Amino acid sequence: MWIQSCAGIGYLFGSISPVIKSSLNYNQRQLASLGVAKDLGDSVGFLAGSLSEILPLWGALLVGAVQNLVGYGWVWLVVTGRAPVMPLWALLPHQKMCILIFIGNNGETYFNTVALVSCVQNFPKSRGPVVGNTKRLCWIKPVGGHRQVRPSDVTSFTFVYSVCLLLAAYLMGVMLLEDLVDLSHTVESPEVIFSELEDEKPKEVDLLPASERQKRIAQLQAKLFQAAAEGAVRVKRRRGPHRGEDFTLMQALIKADFWLIFFSLLLGSGSGLTVIDNLGQMSQSLGYDHAHIFVSMISIWNFLGRVGGGYFSEIIVRDYAYPRPVAMAIAQLVMAVGHIFFAFGWPGAMYVGTLLIGVGYGAHWAIVPAAASELFGLKKFGALYNFLTLANPAGSLVFSGLIASSIYDREAEKQAHGNNYLIQNSGSIFPGMFGPNEPLKCEGSVCYFLTSMIMSGFCIVAVVLSMILVHRTKIVYSNLYGKSRG
């Protein structure tokens with residue numbers, strides 16, 4: 001958890017982006033490309049996963065720390081004018097900055113891989129709370145580990161939850177005051193030759209003691225062999241694992257359930273990340289001068305979403321044996337409402353919008369890793385998780401890099417032309433106050449109205465995808481958690 005507390009520098013982008021934009025004279029499209037590079041760096045963790053299997057844990061963390069220091073350290077030097085941009089003469093200046101931000105933010109993947117994979121393997125019986133507890137501390141700063149399966153410690157988890165909730169409440173109270181005054185059960189079924197044996201065996205077999213169950217399964221195998229030899233049944237060879245067993249990445253990539261998770265995550269989490277990356281410009285367009293307040297607020301709501309998402313999804317699967325992705329559908333519905341608040345720019349919309357988007361976005365990253373480990377196993381969880389995280393930059397590229405930035409620049413140009421027209425007709429003695437080198441700025445809810453409505457619609461599509469996944473995986477969760485309820 002404390003390692004994760006050092007892996008949240010990427011969430012500060014919404015606060016520092018206005019400074020980068022004004023210092024380097026970027027337009028919104030160029031600034032959006034920096035955000036996409038940041039998101040891509042945070043999500044491309046294949047190298048981190050590979051090195052974590054070779055290097056000791058401290059070695060992988062050291063690599064991540066060096067990348068973070070070099071990347072963001074050079075960005076700071078460039079923005080403050082203490083150093084030039086990297087001498088990559090074949091690239092444009094903002095493309096060089098993209099490389100620096102990618103390198104800096106890619107360091108977070110080492111922290112995430114080491115912390116998350118180790119914790120999920122060590123606490124397989126409480127995946128939701130563990131993922132929520134591990135992933136939530138990324139907000140504070142705005143593979144294969146040792147396997148030691150430990151029983152769930154409810155008291156410890158409750159204590160950690162309480163401390164973090166008190167910390168979040170304290171920070172939220174302080175920020176609001178300042179603003180007003182000035183979280184494995186895998187199906188360990190025996191290896192069988194025929195898939196029919198696993199699918200068609202009597203349900204009461206699972207309730208027998210282990211020795212008796214093995215004996216009954218062996219008898220069923222013998223009967224299938226005999227029936228196949230007599231031509232009574234058509235033998236179908238097993239082709240890969242069933243849902244709930246250990247998958248490799250290549251085996252998961254041909255499963256519809258995996259792609260339902262990916263695209264649902266892309267639409268839901270990607271739209272939330274777009275808000276986080278553009279929060280500085282969104283707050284300025286609605287007349288707020290201190291963007292860092294909303295960056296801090298959405299980080300805290302993000303934290304609470306990770307805590308609440310993991311805990312809520314754990315209640316769903318433990319108490320009701322219902323598929324965990326239903327919690328993701330609820331989170332996406334909450335985000336759809338949050339985007340509507342941003343679209344219309346009602347009074348207090350920034351406060352309500354950051355609450356709904358932050359909670360919904362954070363919940364994704366407590367629910368998705370746990371659901372992926374339940375459906376596709378823990379053996380190759382590092383590779384599966386790092387592939388799923390690619391949904392983040394993919395969503396950011398579509399929503400922020402293509403949609404939000406284009407609409408913002410178009411509206412800003414309209415307003416700039418209108419201002420120039422007024423200046424020319426009024427015969428102003430200050431014609432240079434809107435010079436050609438002045439970054440374009442957009443004011444009013446119109447800047448992000450269309451973008452927010454589009455993202456709200458895509459969140460509804462994500463809800464549909466999540467509910468399809470819920471329908472397809474009911475039997476899996478019933479097998480995983482139904483018997484433990486009894």
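Helix axes are treated here as lines fitted to C-alpha atoms over the stretch in contact, and the angles between them run from 0 to 180 degrees between N-to-C directions. The structure is a predicted model, in which local features need pLDDT of at least 70 and side-chain atom pairs count only at pLDDT 80 or more, whereas totals for chains, interfaces and linings use all residues. Residues are numbered from 1 along each chain as its sequence is written, and side-chain values use heavy atoms, with hydrogens and water left out.

The secondary structure comprises 19 helices and zero strands, where helices (H or I, at least four residues) and strands (E, at least two) are DSSP runs numbered from the N terminus. Of the 486 residues in the protein, 50% are buried, a term that denotes under 20% relative accessible area, with exposed meaning over 50% and partly exposed the range in between (1.4 Å probe, protein chains only). The accessible surface comes to about 22300 Å², and 65% of this area belongs to carbon and sulfur atoms; the areas come from the Shrake-Rupley method with a 1.4 Å probe.

Helix α14 (residues 325–344) takes part in two crossings, described in turn. The axes of α13 (291–320) and α14 come within 8 Å and cross at roughly 140°, and the two helices are therefore oblique to each other. Angles under 35 degrees count as roughly parallel, over 145 as roughly antiparallel, 65 to 115 as roughly perpendicular and the rest as oblique. With helix α15 (residues 349–376), the axis of α14 likewise comes within 8 Å, at a crossing angle of roughly 155°, which makes α14 roughly antiparallel to α15. The crossing of α13 and α14 is right-handed, while α14 passes α15 in a left-handed crossing; left-handed means that the near helix is turned anticlockwise from the far one by less than a right angle, and right-handed that it is turned clockwise.

The loop between α13 and α14 holds A321, for which phi is near 50°, a positive value in a residue other than glycine; at 11% relative accessibility, A321 counts as buried. P323 is placed in that loop as well and is buried, with a relative accessible area of 0%. Although P323 and M467 are 144 residues apart along the chain, their C-alpha atoms are separated by 9.5 Å.

Nine salt bridges are counted in the model, each being a side-chain nitrogen of Lys or Arg within 4 Å of a carboxyl oxygen of Asp or Glu. The side chains of E374 and R324 meet in one such bridge (2.5 Å, N to O). Since E374 lies in helix α15 and R324 in the loop between α13 and α14, the pair ties together parts that are 50 residues apart in sequence. Both of these residues, E374 and R324, are buried, and they belong to a network of salt bridges that also links E314 and R318. A further bridge joins R472 and D257 (2.6 Å, N to O), linking helix α18 with helix α11 (residues 256–277) across 215 residues. In this pair R472 is partly exposed, with a relative accessible area of 36%, whereas D257, at 2% relative accessibility, counts as buried.

On the surface, F344, W346, F449, L450 and M453 form a nonpolar patch with about 430 Å² of accessible area together. The largest share of the patch, three residues, comes from helix α18 (residues 446–472). Patches are made of residues with over 30% relative accessible area and no salt bridge, like charges being joined within 9 Å and nonpolar side chains (Val, Leu, Ile, Met, Phe, Trp, Tyr) within 5 Å.
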